[in-house]
Structures are given as structure tokens and as C-alpha cells.
Amino acid sequence: MKRRALVWAGLALFAAIYAVATFRVLLRSTADVTAARDRKTTVRFAHFYLEPGLREAYAQIAADYMRLHPGVEVEQIAVPQRIFNAWAKTQLIGGTSPDLVLVDGGQFTLEDLARHFTPLHEWVESPNPYNAATPAAGLPWRETFIDGLTGSYDSRLLSYYSIPTSLFTNRVFYNRALWREIFGTESPPADYEAFRAACAAIEAWGATHDQPLVPLAGSVYNTPFLIDFLFGTQTQRRQFEVAWSAHLRADLSPSVALLQGRWNFHDPALQSAFRLVRDIGQHIQPGFLQLQRDDANFAFLQGRTVMLVSGAHEAASLRAQADFPLGVFALPVPGPGHPVYGAQMLGPVTEANIRPAGAFGLTRASRAPEQAVDFLRFLTSQATAARFAALSGWLTAVADAPVPAELKPFQPVTAGYANGFDLSIRRRHPDAKRVADTNLHLLLAATSDAQTVAAYTAALERDYVPALRLDLQSRTANTRRNVMRQDGNLAAYRWLARAAPDDAVLARKFNEVAEQIDGNEAENYFILHELARTAAGANPPARP
Amino acid sequence: MKPRVRRSSLAVAFREWRLYLFVVPSLCLVALFAYFPAASAVYHSLFDWQGGEAKQYLGWENFRRAWGDRVLWDSFVTVACLVGFNLIKMLPSIALAVVIHRLRSERWQYLYRVLLVVPMIVPGLVTLFIWKFYLDPNLGLLNRLLDATGLKAALVSLDRLAGWGVFAEGVPVGWLSQPELVLPSLFLWGFPWIGAVGVLIYLAGLQAIGTEVYEAAELDGIGPVGKFFHIELPLILTQVRLNLTLLIISTLQGYGLQLLLLGDTGGPGGRGMTPGLWMYNRAFLAGEFGYACAIGLILFAFILALTLVNNRFVRSRR
């Protein structure tokens with residue numbers, strides 16, 4: 001009897017403790033939410049930019065916004081880039097994501113965008129109220145961006161899915177003090193040959209002065225800025241030959257053309273691109289394939305390398321840390337007159353097609369979408385954009401916003417020709433990119449140029465096309481699912497149009513969606529057809 | 001006298017049924033956070049799923065695809081090498097445990113145990129970054145050591161003879177940027193391979209050996225090496241088996257080390273790609289969560305099989 005009473009007492013105590021604990025947790029979260037709801041609307045935005053200056057700039061702008069809207073609280077969540085992808089996807093799938101999430105870097109698939117982000121077309125068509133007293137007053141919000149927000153438009157989803165805040169152009173940073181010591185002048189090289197000669201001179205100077213000096217700092221983060229760019233110079237002509245649309249942006253044309261055998265890795269343009277990458281790779285910090293962005297910056301800032309290729313977003317941070325005068329010049333381009341690499345080129349490379357960055361998407365999980373969009377409007381108004389550039393040292397994506405003097409060298413060069421494709425087809429094919437990246441060491445090996453280029457070509461011939469096929473299959477599956485989703489929209493428009501046959505806006509919407517579905521399906525079936533047609537061959541032969 | 005009633009074991013088990021209520025919350029939490037995700041992975045492995053609500057039933061297609069996935073099977077070769085390395089890396093821990101166990105002074109034994117535990121305070125990530133720095137081609141300790149000892153020149157000469165094409169004069173050794181050196185670097189990682197937890201587990205096993213066993217061995221004239229092979233090793237096989245099982249599971253599942261050292265593609269030539277890393281790559285880079293679940297299940301099958309083999313063949317003679 002006594003034992004039984006003890007058991008019941010134990011159970012009662014256990015249940016009571018459990019109930020109190022649960023109650024306390026529930027009470028706390030409910031209290032928080034209720035209090036927050038009573039007090040303030042919270043807008044949270046997440047990004048992976050941990051560079052000094054930027055977070056402070058965002059924080060200052062958020063503080064300005066909160067002063068303007070006392071009922072709103074803006075929270076910044078900075079997550080390291082290395083884990084941002086997994087973090088953001090987990091948050092999105094779990095329905096706990098912040099209101100605004102950075103969608104740069106192609107980390108989100110079409111499915112992710114459609115499922116977890118809110119289309120912004122209705123907002124971007126109306127003027128930005130924070131531009132009221134500026135020349136941009138009355139303009140649709142989208143027209144206040146450098147690219148007219150075309151980079152944020154997804155043609156398969158028929159809407160805008162992000163609002164950019166910045167612009168990344170890549171440049172060569174150089175240590176002017178070291179440069180003067182080596183060359184007796186601070187003038188940077190004028191073209192590709194001068195750049196190569198400078199690299200060789202730096203190595204020779206290091207050897208004679210018993211100082212291990214490397215021309216270019218490198219890492220898996222920085223180096224692609226240079227080698228993808230140089231690669232693209234060699235496929236400028238090829239891009240025009242294989243593209244099914246002649247716009248400046250990358251599309252799937254090169255990928256399908258590879259399946260069709262319209263180019264392959266023995267193509268003179270590709271061979272020339274491989275040689276060019278090898279050429280420049282010889283002057284990059286040894287072992288850069290195992291180094292990270294911080295390692296490269298560290299080497300440059302310590303004066304162990306003379307140059308560093310990076311984006312405009314790095315300028316403020318480097319300037320703050322360097323104890324030497326910092327110089328900046330454009331990435332070296334061989335030019336059409338170059339005896340070796342000129343034949344494949346059309347001319348100097350334009351940055352007019354550059355896609356603005358620092359783009360935030362509005363998540364479906366947002367509890368305050370209007371407020372979140374309002375914060376984005378504030379952030380991208382002309383006055384705030386100018387303040388953002390001044391505070392952060394980053395270029396802004398907003399057109400006509402004043403650019404601080406130190407950012408002038410980073411402004412995009414609009415004259416010239418669009419660069420051609422690289423092996424990641426501008427990051428559209430993650431698996432194919434993996435093959436290109438993991439075999440890059442073959443191209444940089446310490447053997448002869450011919451051997452390394454042949455080894456890299458052979459590795460790509462073996463592994464690239466199967467990976468590309470997987471990427472294309474995945475893409476078509478995504479598009480198919482999206483078309484299925486849009487079918488519902490189409491049916492809804494159709495149903496509404498029956499009820500209001502004279503509604504011109506509805507009719508236009510219906511036609512737009514129908515046309516887009518047709519376009520997407522046509523492209524999908526074409527790709528599927530080409531995938532099926534070329535399924536047996538590993539790598540189609542070169543065109544005659 | 002009351003006749004004795006033979007009660008069934010079920011009745012005995014349920015006699016104090018209320019006591020089971022104590023474990024219900026824990027069971028619920030385990031079911032929610034351990035079994036439900038696992039069951040969800042089994043379910044989603046049959047779908048083309050990108051992590052959202054929409055999914056398309058594929059049947060066994062993900063497993064058929066995995067069967068032909070060269071990267072996946074290459075990653076199993078890599079992980080087999082890593083398991084082999086880790087088996088070798090177990091030996092210093094066993095040796096150290098035996099040495100500490102044989103110390104006559106209890107105070108010294110205690111001191112060494114404390115010294116072993118102290119480094120456990122350092123977060124694993126910090127250790128990892130320290131090792132990453134050691135392997136840095138330009139500043140790393142390993143390359144400096146090779147240069148200072150003249151070993152680099154010897155390696156370069158060997159390379160010329162054998163034609164490896166890995167070591168060259170005037171070029172720093174890229175431990176993680178040359179595919180040929182990725183696995184050797186992962187082998188070197190953690191040198192001298194003393195695992196504090198492992199040593200403490202072996203010590204617990206060694207301390208359970210009675211002094212009479214040692215006295216009998218000494219009477220039989222068995223030396224220190226003989227004692228190890230005939231007494232200590234056979235009697236700590238239970239601990240060895242436990243460590244072996246944990247090691248196999250952690251090596252097969254693990255990918256954090258490779259992800260941080262080599263990136264999500266497994267580094268140059270994909271030499272550091274492990275099944276876990278490929279699963280991560282497919283899920284978070286390609287957005288193929290369904291296929292990643294299928295890889296997870298294949299991995300589970302391998303781990304289960306190896307654990308069964310381990311339990312079947314590694315047995316204590318106690």
C-alpha cells in the first residue's frame with residue numbers, strides 16, 4: 001500500500017513538473033508573441049555578408065527606418081556564407097525563415113523560389129514612396145534599379161522574386177607600395193600581356209631579393225572571378241554562334257549545343273580558354289585550391305602577394321585593413337589583337353549585363369510582408385542607397401544614386417562585348433560545375449602546357465556531359481513542376497475571365513501566363529528531346 | 001498455506017504498469033526527434049522531393065540511380081580508406097591506455113588521465129582549423145617541418161625516381177590541393193592520434209583486470225609484450241569492439257571534416273568525397289532531398305552490416 005502511494009506520488013510530482021515546464025515555455029513564447037504584436041512589428045532580414053562595414057551600414061539604415069516607423073523593429077541576421085545555404089533551406093522548409101532572405105549566388109532552385117518566396121510584381125510596378133522628392137518620383141520601383149530589375153525577374157515564374165541592394169564588379173587590387181618598389185612606378189599594367197609580364201617580373205624580383213613573393217593571391221573564392229572571366233573571353237564568338245537568343249544574358253544554349261555536338265572540349269575556343277586559364281594559373285598563390293577567401297586576403301594584406309582579384313564588396317574591408325596604399329585596376333583582357341588569344345575574341349568585355357547582387361527575397365513565412373517590402377523600399381530609395389554606399393563602401397544597385405569617389409573605379413564598364421560561357425554556364429549547372437572545379441588541378445599541374453590541357457580535356461570529356469545531363473534533367477523536372485503549378489493559375493484566370501469577359505487586365509494576365517507556359521513547355525520538351533536524342537553518346541563528336 | 005501461483009512474465013511485467021508512464025515523455029521525444037525523421041527519410045527516398053510539400057512518387061528510381069552513381073561508389077572507396085586509417089589510428093590510444101595502466105604510481109595515473117581530458121575542452125572546430133593551418137601550403141607547419149628537416153628534398157628526389165608528379169622543388173606541397181595528397185593528409189590529420197575518450201574507455205577495461213591475473217602471468221614468466229597480447233588485449237576486446245563500432249559509424253556518416261577542409265565537392269579530383277558529403281551535396285546544393293534520403297538509407301544499410309560483422313567477429317574472451 002505504502003509502495004503504491006509512493007508510485008502515485010512520484011507520478012504526480014513528475015506530471016506536475018512536466019506541466020509546469022510546458023506551461024512556462026508556452027507562456028513565455030505566447031507572452032513574447034503577444035507583447036511583440038502589441039508593441040511592434042518585427043522585420044527580420046538574413047544575409048551572409050560578414051565583411052566589416054556592411055553589417056554596420058545595414059544596422060544604421062535599419063535604425064533610420066525604425067526612427068521613421070516607431071512601431072517597427074528591424075532585425076539583422078548575419079549567417080556565415082559557408083553554412084548559409086543549408087541554414088536558409090532548413091529555415092524555409094521549416095516555415096521559420098526571416099521575412100527577407102538573401103537570394104544571391106543561385107543557391108535557390110526554381111522550386112525553392114516558387115514554394116518559399118512571394119512574387120513581388122505588384123509592388124515593383126508602383127512607385128517607391130521614399131523617392132518622392134527625387135527625379136525618380138513617380139517611376140515604378142523596378143525602373144529605379146540599374147538593370148530595371150531584369151535580373152530579379154524569373155521568366156519561368158513570371159514575376160520578380162528579389163530586390164537587389166548592391167552591385168559586384170570584379171577588379172584587381174594591388175599593393176602600390178610593393179609595386180613602386182618593384183617597378184619604380186605605381187601605374188598598373190595596361191593590358192593582358194603587360195599584366196603577364198608584371199607577374200613574371202614580380203616572381204623574378206622575389207627570387208633575387210630572397211623574398212618569396214607571389215604575384216596573385218588566390219583561393220577557391222577569389223580565383224574563379226579571374227579564371228571564369230578569362231575563360232569567357234575565349235568563348236565570346238562561340239556564345240554568339242550557339243545562342244538561340246542574342247540577348248546579353250546567359251541561357252541554356254551552350255549546354256544544349258554541347259549535347260548536340262555543336263562544340264566540344266577540343267574546340268579551338270575551349271582549348272584556347274584552357275591554355276589561358278593555365279597561363280594565368282601559374283602566377284596564382286600555390287595550393288590556392290585548398291585556400292579560402294580569408295587565406296587569400298591574409299596573404300595579400302601581409303604583403304606575401306602583390307595582387308588580389310576580388311569584388312567591389314571587398315574594397316572597404318581591404319582598405320580598412322591594409323597598411324599600404326591600395327590600388328585598383330580592371331581585370332586584364334587579351335584583346336582581339338592578341339597573337340594567341342585574340343582569335344576567339346570579339347573585343348573588350350562589357351559589364352553592362354552584370355546582375356545586381358545583395359538581393360533579398362520576401363519569404364512566404366513573413367508575418368509582415370507589407371512592412372518587409374516597405375523596408376526594402378526604404379533601403380533602395382535614392383537617398384538611402386547613397387547613404388548605404390557611403391557607409392558600407394559597397395556599390396549600390398540603385399540607378400542615379402551618387403557614387404562615392406573611392407567606388408568610382410568599380411563602376412561597371414558598359415562598352416564592349418558580352419563575355420561568352422564558362423564551364424559552370426554561369427552557375428546554372430551545379431553538377432557540371434563540380435566536375436569542372438574538381439578537375440581544375442589537372443590544368444594547373446607542374447607539367448607541360450600540352451600535357452595539362454590534354455589531361456583536363458580528357459577528364460571533362462569523361463565526366464562533364466553525364467553531369468550536365470543530370471543538371472538538365474533536374475532543371476526540366478523543376479520546370480515541369482512549375483508548369484503544373486501555373487496550370488492552376490491559368491485555370492483560375494480562365495474561370496474569372498468567364499465571369500468578367502470585358503476585363504482587359506484579366507485577359508492580358510491570362511494571355512501572359514498561357515504564353516509563358518507554352519514557352520516553358522516548348523523549351524522543356526526541346527531539352528528533353530535533345531537529352532533523349534543524344535542519350536547513347538557520351539560526348540558527341542565535334543562539328544565538321 | 002496459500003498455493004503458489006506461477007504468474008506469466010507478461011503479468012509480471014505489467015504488475016507495476018504505472019512505472020512505465022515515467023518513460024513515456026522520453027519515448028515521445030525519441031520518437032519525435034529520432035524515429036520520425038528516420039521514417040520520413042525512408043518515405044521520402046521513394047520520391048522526387050526538393051524539401052517542400054510537392055513531391056512525385058518514383059518508386060525505387062532513386063536507388064536505381066544510386067546504383068549507377070559513380071561519385072557515390074567512389075565515395076565508398078574513400079570512406080573505406082578512411083576506416084582503414086582510423087583502425088590504425090586506434091593503436092596509439094590502446095598503447096597509451098596500457099602504458100598509463102601499468103604505471104605503478106596511482107597519482108601519476110590520475111595526472112595522465114587529467115592531462116588527457118584537458119584538451120577535450122578545446123572545441124573540435126578549433127582543432128580542425130589548427131590542423132587546416134598546419135596543412136597550409138604557404139605558411140603551414142608541415143611544409144616548414146619538411147623544409148627544415150630536409151625531408152622535402154628527399155621527397156622531391158623520390159618523386160623524380162618514382163614519377164609521382166606530386167613533389168617539386170621550389171613549389172610548396174599542396175596537401176589539400178593535390179588529389180594524390182588528399183587521403184594521406186586525412187591520414188595525418190590528428191597525429192599522434194590519441195583519442196582521449198578512447199583511452200579512457202580502454203583504461204576502464206584494463207582496470208577491470210584483476211591483479212591475480214598479472215601475478216599468475218609473472219609466475220609463468222610472461223614478459224611485458226606477452227602480457228599485452230595474452231592478457232590485456234583479449235580482455236579489453238569488449239572496449240575495442242565498442243570503439244570500433246563507434247568509429248565505423250562516425251567515419252561512414254561523417255563529413256564535417258571533409259566539408260571544412262575540402263569544400264562541398266570533396267576537393268581536387270573529388271578525392272575527399274564521402275557518402276555523407278555526397279548526401280549533403282545532393283540535398284543542399286542540388287536540392288535533391290529525395291535522392292539524398294536514398295543515399296542516407298544506403299549508408300544506413302552499410303553501417304548496419306559492418307556493425308553486425310563487427311559484433312559477430314570481435315568478441316571478448318572474458
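## Sheets and chains in a predicted two-chain model

Four strands of chain A line up as an open sheet in the order β2-β1-β3-β11, with mixed pairing. Please keep in mind as you look around that this is a predicted model. The edges of this sheet are β2 and β11 (360-362) of chain A, each of which pairs on one side only. From one strand to the next, the twist averages 20°.

Two pairings within this sheet are easy to follow on screen. Strand β1 (residues 41-47) and strand β2 (residues 72-78) of chain A run in the parallel sense and share seven bridges. If you want a place to start, pick A:Thr41, whose bridge partner in β2(A) is A:Val72. What links these strands into a larger unit? Helix α2 (residues 54-68) of chain A does, forming a right-handed β-α-β unit with β1(A) and β2(A). The antiparallel sense appears where strand β3 (residues 100-102) of chain A meets β11(A), a pairing with three bridges. There, A:Leu100 stands opposite A:Leu362 of β11(A). As general background, strands of a sheet pair through backbone hydrogen bonds, in either a parallel or an antiparallel way.

### Another sheet in chain A

Chain A also holds an open sheet of four strands ordered β8-β9-β7-β10, again with mixed pairing. Its edge strands are β8 (214-217) and β10 (326-330) of chain A, each pairing on one side only. The twist here averages 25° from one strand to the next.

Inside this sheet, strand β7 (residues 170-175) and strand β9 (residues 305-311) of chain A pair in the antiparallel sense over five bridges. A:Tyr174 of chain A is found opposite A:Met307 in β9(A). Which helices accompany these strands? One of them is helix α6 (residues 176-183) of chain A, which lies across β7, β9 and β10 of chain A and runs at about 65° to β7(A). Helix α8 (residues 223-234) of chain A packs on the sheet too, touching β7 and β9 of chain A, and its direction makes about 75° with that of β9(A).

### The chains as wholes

Here are the overall figures for each chain.

| Chain | Helices and strands | Span along principal axes | Buried residues |
|---|---|---|---|
| A | 19 helices, twelve strands | roughly 90 × 70 × 60 Å | 42% of 544 residues |
| B | 16 helices, two strands | about 95 × 70 × 35 Å | 31% of 318 residues |

Contacts between residues far along the sequence can be put into numbers as well. In chain A, 75% of the contacts between residues at least 6 apart join residues at least 24 apart. For chain B, residues 24 or more positions apart account for 67% of the contacts with a separation of 6 or more.

Why is chain B described as more spread out than a compact globule? Its radius of gyration is 25 Å, well over the 20 Å that the globule rule gives for 318 residues, so chain B counts as more spread out than a compact globule.

The two chains also meet: 33 residues of chain B are in contact with 33 residues of chain A. On the chain B side, the residues touching chain A comprise 15 nonpolar, 14 polar and four charged ones.

### Local backbone details

Most residues other than glycine have a negative phi, and most peptide bonds are trans. A few spots in this model are worth a look with that in mind.

A:Asp210 is not a glycine, yet has a positive phi of about 55°. A:Asp210 sits in the loop between α7 (192-208) and β8 of chain A. Is A:Asp210 buried or exposed? With 6 C-beta neighbours inside 10 Å, A:Asp210 counts as exposed.

A:Asp400 likewise has a positive phi, near 65°, in a residue other than glycine. The loop between β12 (395-396) and α16 (430-438) of chain A is where A:Asp400 lies. Having 14 other C-beta atoms within 10 Å, A:Asp400 is partly exposed.

In chain B, the peptide bond joining B:Phe191 and B:Pro192 is cis, with omega about 10°. B:Pro192 belongs to the loop between α9 (179-188) and α10 (196-207) of chain B.

Finally, B:Val122 is placed in the loop between α5 (106-117) and α6 (124-134) of chain B. B:Val122 counts as exposed, since 10 C-beta neighbours fall inside 10 Å. The C-alpha atoms of B:Val122 and B:Ala208 are separated by 30 Å, and the two residues are 86 apart along the chain.

Conventions:
Residues are numbered from 1 along each chain as its sequence is written. Chains are lettered from A and ligands numbered from 1 in the order in which they are written. This is a predicted model: local features need pLDDT of at least 70, side-chain atom pairs count only at pLDDT 80 or more; totals for chains, interfaces and linings use all residues. Two strands pair if DSSP finds at least two bridges between them. A crossover is right-handed if, with the strands pointing away from the viewer, the path from the first strand over the helix to the second runs clockwise. Two residues are in contact if their C-beta atoms, placed from the backbone, lie within 7 Å. Ala, Val, Leu, Ile, Met, Phe, Trp, Tyr, Cys and Pro count as nonpolar, Asp, Glu, Lys and Arg as charged, and the others, Gly among them, as polar. The radius of gyration is taken over C-alpha atoms; the globule rule is 2.2 Å times the number of residues to the power 0.38. A residue is buried if 20 or more other C-beta atoms lie within 10 Å of its own, exposed if 12 or fewer, and partly exposed in between; C-beta atoms are placed from the backbone. Axes are lines fitted to C-alpha atoms, for helices over the stretch in contact, and angles run from 0 to 180 degrees between N-to-C directions.
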